Amino acid sequence: MTEQIHYRTCPLCEAMCGLAITVADNAVRQIRGDQADPFSRGHICPKGSALGDIHHDPDRLRQPLQRRADGWHQIDWDEAFDYAATQLKQLQARYGPDAIAIYQGNPSVHNLGTALGAGAFVRSLRTKNRFSASSVDQLPHQLVVYHMYGHQLMLPVPDLDRTQFLLIFGANPAVSNGSIMSVPDIKRRLKAIQQRGGQIVVFDPRQTETAQLADQHYFIQPGSDGLVLAALIHTMLKEGWAKPDRLAGFTKGLDQLEFLFERFSPTVVAEATGVAADTILQLAHDFAHASSAVCYGRIGVSIQQFGTLSQWLIQVLNIITGNLDREGGSMFTTPAFDTLPLGSKGNVGRWHTRVRQLPEFAGELPSAALAEEILTPGEGQIRGLITSAGNPVLSTPNGQQLDQALAGLDFMLSIDFYVNETTRHAHLILPPSSPLEHDHYDVLFHNLAIRNTAKYSPALFEIDQYARHDWQIFGELTQRMSEKEDRIFPPKAMLERGLRSGPYAIQLSELAQQPHGIDLGPLQPRLPERLFTEDKQIQLVPPAIASDLDRLAGLLQQVPTKQLRLISRRQLRSNNSWMHNSQRLVKGDDRCTLQIHPSDAAQRQLTHGQHVKLSSRVGTIEVALEVSELMMPGVVSLPHGWGHRYPDTKIQIAQAHAGSSINDLTDDQAIDPLSGNAALNGIVVEVEAIG
Ligand SMILES: Nc1nc2c(c(=O)[nH]1)N[C@H]1C(S)=C(S)[C@@H](COP(=O)(O)OP(=O)(O)OC[C@H]3O[C@@H](n4cnc5c(=O)[nH]c(N)nc54)[C@H](O)[C@@H]3O)O[C@H]1N2
Ligand SMILES: Nc1nc2c(c(=O)[nH]1)N[C@H]1C(S)=C(S)[C@@H](COP(=O)(O)OP(=O)(O)OC[C@H]3O[C@@H](n4cnc5c(=O)[nH]c(N)nc54)[C@H](O)[C@@H]3O)O[C@H]1N2
Ligand code: SF4
Ligand SMILES: [Mo]
């Protein structure tokens, strides 16, 4: 038995950790952090160590599965591709191209083949009904930077390794390992901020793992961040602390701010947010006077009713303090494969959903509308669905309604290697190769990393003889849908071209000689050249967003209630909904618990460990109660991605640790109206004892 060590990037989350994988007899023996990776420096989390479990998982599909009246049948690939194309074309011939919808899930952006190979297939469908996990996640960020900087992916990231002041709203990178901020080894990097005399301040309705590492943590009412941010801006303008410095030379709209933020004084917002006026004043002072500072807000301020507005306010704060595009502030990357000039800059409102008239963004419609577009009869109804690398039954709002909708589709095709809560409804499942069977390069996440690096990982294992890569599946389907004899190009060829013509002119063959990856240095100032706006100016006050300040001011008028509000939480050993079939990741106590403050539990005469009924407008679930001082009174927290309760799935370990799905409670009607992004957090719930 000869052991070998293979080095590659972990594809699971955005952190891009380097893995050192020990292999013997064609099997993974052990996975550790790669000490020589210049970016992750040996960091690894439990999910990375479990990558082999996915590869070796007996439940992972290797051959196409067709659902017939008597159950699942394995079929050949050619037969499967022909069957899929025939069904899709028949529906489109009968009802028009929009009768077929597609939903692309989160791993689509972590997989080289789907990132570069799905586009042609999606275009071949000619459908306006495109959905993805973006609209249960970062759509507000994209909309904001599209309006301000001219490109939906021109997302600045905190210059974490050099900042002196990190102000966080609604993110828990100590668990998530960063998002729209690729940052492996975050804990060490946070500590380094404090060691060089800097500060970390966190606003979160839960005293998170990140908040516990911070210098200050403030509880905040879910969905009220916009008010605190507006009051911070108000204070800086009033006190003369706002100094955009060189940004003033290419920023339009600075003169409008004073008027817009006049009404949001710290005193005025205190009650609605739960944050004292003095706190806001002090914070505005400290942030504005720090030698460098960055405000960063992630999913807690995206998947809420003011997602777009909050993300805009964060950009405004960084700009008026001169911290955008400055060392230690909020900076743009210089990735080795620069995809921004190649991809769509974004578009807004070219078409709308049929039932609720929600706007398109960059060719996509909000996933909160998917179920109603399937369920509502009439012209333009969705009759067929393709899901790729997604599990919307567990990850989008009102999952139970979507589950029912999927059951009524004329045809459903899933590209996925598990029979899970979503794919169980498919008529055909096409399973792609495992993460260890294909090449890897993070086309997207090098764009969002706190340091410029590049790393290419060739496949570790040869592809199973029965399997196909995602890009091959897309290629075969595209050929059949478009009826052209196009050759199917491996993504590696595109990557090669992209790296060669990128800012560092890297040869893929040379990069491949560096199994630990290469360091390309810290982030560099990029403005104004990098701007994609036509006038090369930052549009500081996009009218479509700033007008939402009126709605925000409406929060000030709301009478406080005693209702409980539900928020989500991420866990280190979960990866959204799909890694619960690894024993090492689910072992131990039930993690799908409802955290509640002792005072809220006592008021309802509920005790720790008790099973309770949790209800919202759309549904009821049962969960175990975890009484915890970490929660803000009035707010309860449940992890997402659980609820593996359907007997006809084939994920045995996950089924044995089913938990309940938070998205059976989240409301498809609750959205951020500007973007259509789901407002998954802050929904009103009731908790009561069972029986
Ligand atoms: N271990 C693990 N890591 C992951 C993932 C995973 O599932 N597991 N998923 C990955 C993905 S897809 C993503 S998008 C990223 C997300 O990365 P993060 O944004 O860091 O994710 P969360 O840990 O959910 O942090 C959101 C925080 O917002 C808080 N919050 C909720 N509502 C509000 C509010 O109204 N205001 C404020 N201020 N805070 C609020 C929550 O309490 C929570 O602490 O994580 C990625 N990394
Ligand atoms: N309440 C609440 N809901 C949330 C969130 C929250 O914080 N709270 N977070 C939201 C966020 S940020 C996100 S990103 C979404 C995620 O939502 P989704 O993307 O819909 O769900 P995932 O759980 O990531 O499911 C990924 C699926 O892809 C499959 N898969 C894994 N790798 C591959 C691959 O390489 N190729 C293919 N073809 N398939 C693959 C897995 O088997 C799984 O079925 O969930 C969202 N839902
Ligand atoms: S932090 Fe993310 S990239 Fe790093 S090992 Fe864990 S899952 Fe993989
Ligand atoms: Mo996400």
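**Close-up 1. Ligand 2 and the polar atoms around it.** A polar contact is a pair of N or O atoms within 3.5 Å. With that in hand, look at S395 in this predicted model: one of its polar side-chain atoms sits 2.7 Å from an oxygen atom of ligand 2. Y103 does something you can compare by eye, with an N or O atom of its side chain 2.7 Å from an oxygen atom of ligand 2. Now find H640, where a polar side-chain atom lies 3.4 Å from a nitrogen atom of ligand 2. How much of ligand 2 does the protein bury? Taken alone, ligand 2 exposes 920 Å², and the protein buries 98% of that.

**Close-up 2. The shell around ligand 2.** Zoom out a little and you'll count 31 residues surrounding ligand 2. The closest of them are Y103, N106, S395, D416 and S577. Sorted by class, this shell has 15 nonpolar, 12 polar and four charged residues. Why does ligand 2 lie between domain 2 and domain 4? Domain 2 (65–132 + 339–519) and domain 4 (561–689) both give residues to the shell, so ligand 2 lies between them.

**Close-up 3. Ligand 1 and its contacts.** Here the view moves to ligand 1. Start with D204, which has a polar side-chain atom 2.7 Å from an oxygen atom of ligand 1. D225 also brings in a polar side-chain atom, this one 2.6 Å from a nitrogen atom of ligand 1. For S574, look at the backbone instead: one of its backbone N or O atoms lies 2.6 Å from a nitrogen atom of ligand 1. On its own, ligand 1 has 930 Å² of accessible area, and the protein covers 98% of it.

**Close-up 4. The shell around ligand 1.** Which residues are closest to ligand 1? They are S176, D204, D225, S574 and N576, out of 33 residues that surround this ligand. By class, the shell splits into 11 nonpolar, 15 polar and seven charged residues. If you trace the helices and strands, α6 gives the most to this shell, with three residues. Domain 3 (139–333 + 527–550) and domain 4 (561–689) each supply at least three residues to the shell around ligand 1.

**Close-up 5. What surrounds ligand 3.** Ligand 3 has a shell you can name residue by residue: C10, L12, C13, A15, M16, C17, I44, C45, K47, G48 and N177. Going by class, that's eight nonpolar, two polar and one charged.

**Close-up 6. The D185–R41 salt bridge.** The structure holds 33 salt bridges, and this view picks out the one where the side chains of D185 and R41 meet, with N and O 3.1 Å apart. Why does this pair tie together parts that are 144 residues apart in sequence? D185 is in the loop between α6 (173–176) and α7 (186–195), while R41 is in the loop between β3 (27–33) and α1 (46–49), so that's what the pair joins. Are the two partners buried or exposed? D185 is buried, at a relative accessible area of 7%, whereas R41 counts as partly exposed at 30%.

**Close-up 7. The R617–D668 salt bridge.** In this view R617 forms a salt bridge with D668, and their closest N and O atoms are 3.9 Å apart. The pair links distant parts of the chain, 51 residues apart: R617 is in the loop between β25 (611–615) and β26 (620–627), and D668 is in the loop between α24 (652–656) and β28 (683–689). R617 is exposed, with a relative accessible area of 61%, but D668 is buried at 3%.

**Close-up 8. The D664–R645 salt bridge, plus a network.** D664 and R645 form a salt bridge, with 3.3 Å between the closest N and O atoms. Which loops does the pair link? D664 is in the loop between α24 and β28, and R645 is in the loop between β27 (635–639) and α24, 19 residues apart. D664 is buried, with a relative accessible area of 4%, and R645 counts as partly exposed at 41%. To finish, look for D78, D82, E476 and R480, which are joined into one network by salt bridges that share partners.

Note on methods:
Residues are numbered from 1 along each chain as its sequence is written. Chains are lettered from A and ligands numbered from 1 in the order in which they are written. This is a predicted model: local features need pLDDT of at least 70, side-chain atom pairs count only at pLDDT 80 or more; totals for chains, interfaces and linings use all residues. Side-chain values use heavy atoms; hydrogens and water are left out. A residue is near a molecule or strand if one of its heavy atoms lies within 4 Å of it. A polar contact is a pair of N or O atoms within 3.5 Å; within protein, one must be able to donate a hydrogen and the other to accept it, and residues adjacent in sequence count only if both atoms are side-chain atoms. Accessible areas come from the Shrake-Rupley method with a 1.4 Å probe; for residues, only the protein chains shown count as cover. Ala, Val, Leu, Ile, Met, Phe, Trp, Tyr, Cys and Pro count as nonpolar, Asp, Glu, Lys and Arg as charged, and the others, Gly among them, as polar. Domain bounds come from an automatic or database domain assignment. A salt bridge is a side-chain nitrogen of Lys or Arg within 4 Å of a carboxyl oxygen of Asp or Glu. Helices (H or I, at least four residues) and strands (E, at least two) are DSSP runs, numbered from the N terminus. Buried means under 20% relative accessible area, exposed over 50%, partly exposed in between (1.4 Å probe, protein chains only).
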